[in-house]
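Please open the model in the viewer and set the display to cartoon, with side chains available on selection. The tour below moves from one selection to the next.

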Amino acid sequence: MDSAAVDRFEASRGRLASLAYRLLGSAADAEDAVQDTFLRWQAADRERVEVPEAWLTKVVTNLCLDQLRSAQARHERAAGAWLPEPLLEGDPMLGPADTFEQRESVSLAVLTLMERLSPVERAAYVLREAFSYPHAEIARILDITESASQQHVHRARRRVAAERRGDEVDPASARRIVEEFLAAATSGRTERLVAMLTADVTAVSDGYGLAKRLLRYKTRERVASYVRAGFKPTPAKRRLAGGSPAMHIALVNGSPAVLAVVDDRVVGAVAFEVNDSKVAFLRGIAAADRLTRLNEAWREHESDAPFINAW
């Protein structure tokens, strides 16, 4: 392949990766889809490709759709053991992030909600909301009619809007809320923690990656009990983590989060959805394969001082 063709692909790589991540919810799978797209670009009769960017977008989208429709993916996601892969603020895979719709489309909440959409609905929604493609172009990418594109996006928007819980929170407010939450969680005063939770709060955890299904908790009392137990240090937890973690406050997929860090390695993340200054949803992620890219970014990241130095 000549250098001009490589350069043309590389100019699109970041956009393709961002698109694939939104469709798959996994940075590792997104990178695989982009690499497969490159191999197809390498093998293509490029002289017959009129608009390379459109060609590449169609290829990566359809590779992602094939994966979403695969028997293995359906089994893994239907089994209730799937959570999106969290990404640290500033990761280029989170872009574009200029509008509320673009930022929302990559939030852990919406990535999870999109699991309830059909693969085509998910693709149409992402192409429209995150990348502002016109319906005519979406129709060409997905091999559907323009009217079908409009219907898919409308249904997806309606479902996401109906099930959305959290507000968009500015970084300063997010940090304040998480600091208060951490202080309450480690204080031993359950009533203080309960007061910070919405009436319909939900918590989901992957059980340190050891559970076959996600662990779910509802009601403020049950969530507060789960949080108190989760943030209570024990020798067994320290052995599982590989040491005594420091607790850092960060932004993950645009949401406030607590990161447990041992020797510059993130061993767990708890991401928060906040509604009216209260916690509406928590996602606890500690499976190592879901933290690979976040860890790579963390090692290059200049972090603030930990909120808790040694847990």
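Begin by selecting Val261 and Val266: Val261 stands opposite Val266, which belongs to strand 5. The coordinates under inspection are a predicted model.

**The hairpin of strands 4 and 5**

Extend the selection to the whole of strand 4 (255-262) and strand 5 (265-275). The two strands run antiparallel and are joined by 6 bridges. They form a hairpin with 2 residues between them, and Asp263 in this turn has a positive phi of about 50°.

**The other neighbour of strand 4**

Next, select residues 246-252, which make up strand 3; 7 bridges join strand 3 to strand 4, and this pair also runs antiparallel. Within the pair, Ile249 stands opposite Val258 of strand 4. Strand 3 and strand 4 likewise form a hairpin with 2 residues between them, where Asn253 in the turn has a positive phi of about 50°.

**The two faces of strand 4**

Now display the side chains of strand 4 alone. In a regular strand, side chains alternate between the two faces of the sheet. Ser255, Ala257, Leu259 and Val261 point one way, while Pro256, Val258, Ala260 and Val262 point the other way. Are these residues buried or exposed? All of them are buried. Because 8 of the 8 residues of strand 4 are buried, strand 4 is largely enclosed by the rest of the structure.

**The largest pocket**

Select Tyr208, Val267, Gly268, Ala269 and Ala286, which lie nearest the centre of the largest pocket among its 35 lining residues. The volume of this pocket is about 720 Å³. Elements giving two or more residues to its lining include strand 1 (197-205), helix 12 (220-230), helix 13 (235-241), strand 4 and strand 5. Strand 5 supplies the largest share, 6 residues. Colouring the lining by residue class shows 26 nonpolar, 5 polar and 4 charged residues.

**The second largest pocket**

Finally, select Arg103, Glu168, Asn253, Gly254 and Ser255; of the 28 residues lining the second largest pocket, these lie nearest its centre. Asn253 was met earlier in the turn between strand 3 and strand 4, and Ser255 among the buried residues of strand 4. The second largest pocket holds about 570 Å³ of space. Two or more lining residues come from each of helix 5 (100-104), helix 6 (108-113), strand 4 and strand 5. The lining of this pocket divides into 13 nonpolar, 6 polar and 9 charged residues.

Definitions and conventions: Residues numbered from 1 in each chain as written. Predicted model: local features only at pLDDT ≥ 70, side-chain atom pairs only at ≥ 80, totals over all residues. Heavy atoms only, no water. 1 Å grid on protein atoms, 1.4 Å probe; cavity = no way out; pocket = protein on both sides within 12 Å on 5 of 7 lines; lining within 4 Å. Points joined across faces, edges and corners; volume = space filled by probe spheres on them. Helix = DSSP H or I, 4+ residues; strand = E, 2+ residues; numbered from the N terminus. Nonpolar A, V, L, I, M, F, W, Y, C, P; charged D, E, K, R; others polar. Buried < 20%, exposed > 50% of the residue type's maximum accessible area, 1.4 Å probe, protein only. Pairing = 2+ DSSP bridges.
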